Amino acid sequence: MEQYRSLKDHVYDYIAELIDGGRLGGGDKVSEQQICDALNVSRTPVREALIQLAGDGYLENLPRKGFRVKRVDDESAREIFEILGPLDGRAAWLASEHLTDEDCSQLQFLCESMNLAIEKGLVKKYDDLQREFHDYYVQRCGNARLIAYITQLNRFFMKREYESVDAETAHVLLMKANEEHAEIVRLLSAHERDRVQDYIRDVHWSIDNAPFVAW
């Protein structure tokens, strides 16, 4: 039997997808009227969804100014890294036993595609690919609740403001990150589940990297 979902829940999911897809990013104002028009609904479920999203930490409710997507400051990024690292690492640990050679080849392809995007200065493309990379093994971990938690936390890092970092610095940082992606592929391909879990938690999601997602 399909679980009942209220109109407010559908509006919530719609706004969350706008954030997940980068169409709404940090500091962007959320237009209640545009959402009403897009979904052909009244303001009541839209308002309820916005209030819940604010309560869940994704939006800010500004008195007399409406709602906007929260920006991630350095402290918030560190806190999220401390939570997301162990969860993402565990997802890789669980996924490891399910990944086929074809899956690992796809992860390698995504890693190589990210390298090309970096070399061509296509930072937005890189960002899309790295999200696809992590999501690929997370979706194969077999734990629906874990997937949902990781998706929620990743929502804080949507539509990063790369333009505030100079091109040379961005290139160095992204190459370093993609070297870590390559190591994740190597460990997953070797089915070294304990090592990949530790590597993702302690290296890839190290709190030392947290400031760079608050650009």
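The following paragraphs describe the sheet, the helix that lies across it, and the nonpolar cores of this predicted model.

The sheet is open and is built from three strands, which follow one another in the order β1-β3-β2 with antiparallel pairing. Because β1 (29–30) and β2 (59–62) each have a single partner strand, they stand at the edges, and one side of each is left without a neighbour in the sheet. Strands of a sheet pair through backbone hydrogen bonds, in either a parallel or an antiparallel sense. Here β2 and β3, the latter made of residues 66–69, are joined in the antiparallel sense over four bridges, and leucine 62 has glycine 66 of β3 as its bridge partner. Helix α3, formed by residues 43–55, lies across β1, β2 and β3 and runs at about 50 degrees to β3.

In soluble globular proteins, nonpolar side chains tend to be buried together. The largest nonpolar core of this model has 39 residues, of which Phe133, Tyr137, Ile184 and Leu188 touch the most other members. At least two residues of this core are supplied by each of α4 (74–96), α5 (101–119), α6 (123–138), α7 (144–154), α8 (167–189) and α9 (193–204), with α4 giving the largest share, nine residues.

The surroundings of isoleucine 184 can be followed residue by residue: when neighbours within four places in sequence are left aside, isoleucine 184 is in contact with Phe133, Tyr137, Val196, Tyr199, Ile200 and His204. A second core, separate from the one just described, contains 19 residues, among them Tyr12, Leu18, Leu50 and Leu53.

Notes. Residues are numbered from 1 along each chain as its sequence is written. This is a predicted model: local features need pLDDT of at least 70, side-chain atom pairs count only at pLDDT 80 or more; totals for chains, interfaces and linings use all residues. Side-chain values use heavy atoms; hydrogens and water are left out. Two strands pair if DSSP finds at least two bridges between them. Contact means heavy atoms within 4.5 Å. Axes are lines fitted to C-alpha atoms, for helices over the stretch in contact, and angles run from 0 to 180 degrees between N-to-C directions. A nonpolar core is a set of buried Ala, Val, Leu, Ile, Met, Phe, Trp, Tyr and Cys residues joined through side-chain atoms within 4.5 Å. Buried means under 20% relative accessible area, exposed over 50%, partly exposed in between (1.4 Å probe, protein chains only).
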